[in-house]
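Biologist: I would like a close look at a single part of this model, namely one chain, and at the way its charged side chains pair. Please take your time and explain each step for someone in a first year of study.

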Amino acid sequence: MNALDHAKQYWYPVAILDSIPTYPDVKNTRLLGMDITITRQKDGALSVAHNEENWLINEVYDHLWTSPSKTPKPIFDVPEAQERDRRFVPCGVVRVRCSPLRAVENFLDIAHFPFVHTDILGSEPHTEVAPYSVDIDDDKDEVIATKVKFFQPQAAKSASDGIITDYVYRVPSPMNAILYKTCPTRDDVQDVIAIFVQPIDEETCDVWPWMALYDDDSTMAEMIEFQQLIFLQDRSILENQVPTKLPLDPKMEIPTRADLTSIAYRRWLKRRGALYGALLNTTDNPKGTSNSVAAE
Amino acid sequence: MTNVAVGLSKDLPNGRVMRAIVGEQDLVVWRSKSGVLSAWDNRCPHRGMRLSHGFVRGEALACVYHGWHYDKTATCRYIPAHPELEPPETIKAQRFSSTEKGGLIWVSIEEQSTEPSIPDNLKAIRSISFACPMMALKQVIRDLDFTLVKDDNSGWVIQEKSDDQWMMKSIKANISLHLFFQNLSEQTCKIHALANSDCAPDTMKKMSQALEHIRRLAEKHYEVVVS
Ligand code: FES
Ligand SMILES: [Fe+2]
């Protein structure tokens with residue numbers, strides 16, 4: 001199966017449910033290099049079409065999802081979406097000129113917090129990444145990173161002082177990732193932040209951040225603004241990584257122990273043939289260095 | 001094109017970083033706090049971030065993504081995620097040779113490089129970017145009406161010393177203008193301009209304005225050609 005055919009088996013977010021235009025206006029967008037049109041019928045029912053052909057749709061996690069496949073893999077589960085006392089915050093969309101896989105990998109990365117999200121998610125000299133664990137959950141076929149800890153000066157909109165934040169990361173499908181982190185206001189629950197990535201093509205994506213939080217104080221606008229700021233900072237990185245696609249050849253980039261999640265994610269992608277937005281061989285990219293250092 | 005002029009020395013003070021292009025090669029050019037100049041492949045070996053977005057920490061260049069430090073030999077010396085770790089010597093960015101002569105920064109991406117040929121006694125005017133192909137720009141300069149540099153149009157000549165180095169001379173007015181061309185892409189290029197060291201300040205200013213004028217002419221001319 002080629003990279004595109006593989007990618008076609010999944011569900012992808014294409015809009016926030018609440019902001020789909022009303023009849024007769026439509027929203028046009030792209031998915032996996034194909035033009036699609038989102039329509040809200042007179043009776044309110046939604047549809048997604050590519051070249052006159054209707055695709056399956058799914059309304060979940062505050063977004064409209066679609067798939068080019070007639071028999072897509074089931075959409076991943078976020079059990080916290082059932083917890084009605086959480087606040088669900090779709091944060092809008094950020095267009096990034098990078099591989100959808102690079103966007104996900106960056107979301108799984110904590111070592112950049114002090115440098116990219118300076119004084120918000122991290123700050124010098126608190127740069128150390130303590131050992132953590134990464135596993136592949138064979139039942140769910142997900143990448144899971146646990147016991148991730150990092151010092152954060154302002155972990156969320158509701159945080160006033162620095163705290164050591166605990167994280168768990170899940171990658172339930174190649175272009176979606178979810179993190180669970182210490183809730184600054186309560187110890188018994190965790191905040192949920194996800195990114196749902198819409199692959200426009202192999203080198204462009206729309207990132208839809210989504211949150212399910214326990215935060216009664218901040219306004220919706222404040223929470224969205226906070227998350228948008230974070231993602232705009234990430235974008236300045238993502239649009240300047242070379243090559244644009246995610247290299248899966250271990251010789252092309254040099255990971256360390258802090259990058260265990262990224263290593264597992266890349267291996268997991270390669271093993272399952274999720275190569276849309278990936279570079280398989282160094283020869284695809286003559287600039288690849290031949291340096292190689294095993295993660296110590 | 002062994003040595004290519006990529007900028008004016010005075011435009012890269014100590015502790016600063018810039019991006020440069022030579023041929024197909026994307027480069028980071030930076031100067032340490034003490035003034036050591038380096039030119040490397042513009043790519044961090046860790047996760048591919050463009051090093052030209054990085055920042056100088058003393059004698060090291062730090063990548064903006066995860067803060068890895070590279071010393072002047074382009075060897076990684078510090079990984080902030082593992083402060084106690086001494087990074088293996090094999091983690092290196094790719095280096096190119098760089099030098100300074102005549103007020104310009106020169107980079108060679110070829111193994112063998114010859115000394116840049118440039119007179120020593122020059123004064124930098126400015127670097128200026130053009131949104132047009134280098135060929136188009138050169139043609140505009142060849143067709144130039146020189147009254148815009150000196151009102152009296154006093155005997156200007158252009159010597160095309162090489163593909164990327166031209167000299168424009170006015171014998172009467174005792175001005176020599178040295179132009180170093182740098183190709184950036186098919187649609188963009190740069191000129192680094194210098195003048196003879198005894199050139200008067202107001203003439204320098206005029207020449208700087210003349211370059212601006214050339215930029216408008218060349219970009220407009222090119223727009224007309226493509227549309
Ligand atoms: S990409 Fe440069 S330090 Fe990580
Ligand atoms: Fe980030």
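Modeller: What follows is a walk through chain B, from its overall build to its salt bridges and then to the side that touches chain A.

Since this is a predicted model, it is sensible to begin with the confidence scores. Chain B has an average pLDDT of 92, and 96% of the residues score at least 70, while the model as a whole is given an ipTM of 0.93 and a pTM of 0.93.

In its overall build, chain B contains two helices and 15 strands, and its C-alpha trace spans about 70 × 45 × 30 Å along the principal axes. The chain has 227 residues, of which 51% count as buried. If one takes the contacts in chain B between residues at least 6 apart in sequence, 50% of them join residues at least 24 apart.

Helix H1 of chain B, which covers residues 134–142, shows how one element is set among others. Its buried residues are B:Met134, B:Ala136, B:Leu137, B:Lys138, B:Val140 and B:Ile141. These buried residues pack against five strands of chain B, namely E11 (122–130), E12 (156–162), E13 (165–170), E14 (175–183) and E15 (189–196), and also against helix H2 (201–226).

We can now turn to the charged side chains. As a general point, side chains of opposite charge can pair when their charged atoms come close. Over all chains, a search of the whole structure finds 27 salt bridges, and three pairs within chain B are worth following one by one.

In one of these pairs, the side chains of B:Arg50 and B:Asp26 meet in a salt bridge with an N to O distance of 3.3 Å. B:Arg50 sits in the loop between strand E4 (37–41) and E5 of chain B, whereas B:Asp26 belongs to strand E3 of chain B, so this pair ties together parts that are 24 residues apart in sequence. Both B:Arg50 and B:Asp26 are buried.

Another pair is made by B:Glu212 and B:Arg126, whose closest N and O atoms are 3.1 Å apart in a salt bridge. This pair links distant parts of the chain, with B:Glu212 in helix H2 of chain B and B:Arg126 in strand E11 of chain B, 86 residues apart. B:Arg126 has a relative accessible area of 22%, and because the buried class holds residues under 20%, B:Arg126 is counted as partly exposed.

The remaining pair brings us back to helix H1, where the side chain of B:Arg142 meets that of B:Glu160 in a salt bridge of 2.6 Å, N to O. Here too the pair links distant parts of the chain, since B:Arg142 lies in helix H1 of chain B and B:Glu160 in strand E12 of chain B, 18 residues apart. B:Arg142, at 36% relative accessibility, counts as partly exposed, and B:Glu160, with a relative accessible area of 41%, is partly exposed as well. Salt bridges that share partners also form one network, which joins B:Arg47 with A:Arg102, A:Glu105, A:Asp109, A:Glu253, A:Asp259 and A:Arg266.

That network leads to the side of chain B that touches chain A. There, 30 residues of chain B are in contact with 34 residues of chain A, and the area buried between the two chains is about 2600 Å², with carbon and sulfur atoms giving 51% of it. In chain B, the residues that lose the most area to chain A are B:Arg43, B:Arg47 and B:Tyr65, which together account for 28% of what that side buries.

Between chain B and chain A the count is four salt bridges. B:Arg57 forms a salt bridge with A:Glu124, in which the closest N and O atoms are 2.9 Å apart. Across the interface of chain B and chain A there are also 19 residue pairs in polar contact, with both residues at pLDDT 80 or more. The elements giving two or more residues to this side of chain B are strand E3 (25–31) and strand E5 (55–57) of chain B. Sorted by class, this side of chain B has 14 nonpolar, eight polar and eight charged residues.

Technical notes:
Residues are numbered from 1 along each chain as its sequence is written. Chains are lettered from A and ligands numbered from 1 in the order in which they are written. Side-chain values use heavy atoms; hydrogens and water are left out. Contact means heavy atoms within 4.5 Å. Buried area is the accessible area (1.4 Å probe) that two parts lose on being put together, summed over both. A polar contact is a pair of N or O atoms within 3.5 Å; within protein, one must be able to donate a hydrogen and the other to accept it, and residues adjacent in sequence count only if both atoms are side-chain atoms. Helices (H or I, at least four residues) and strands (E, at least two) are DSSP runs, numbered from the N terminus. Ala, Val, Leu, Ile, Met, Phe, Trp, Tyr, Cys and Pro count as nonpolar, Asp, Glu, Lys and Arg as charged, and the others, Gly among them, as polar. pLDDT is the predictor's confidence in each residue, from 0 to 100. Buried means under 20% relative accessible area, exposed over 50%, partly exposed in between (1.4 Å probe, protein chains only).
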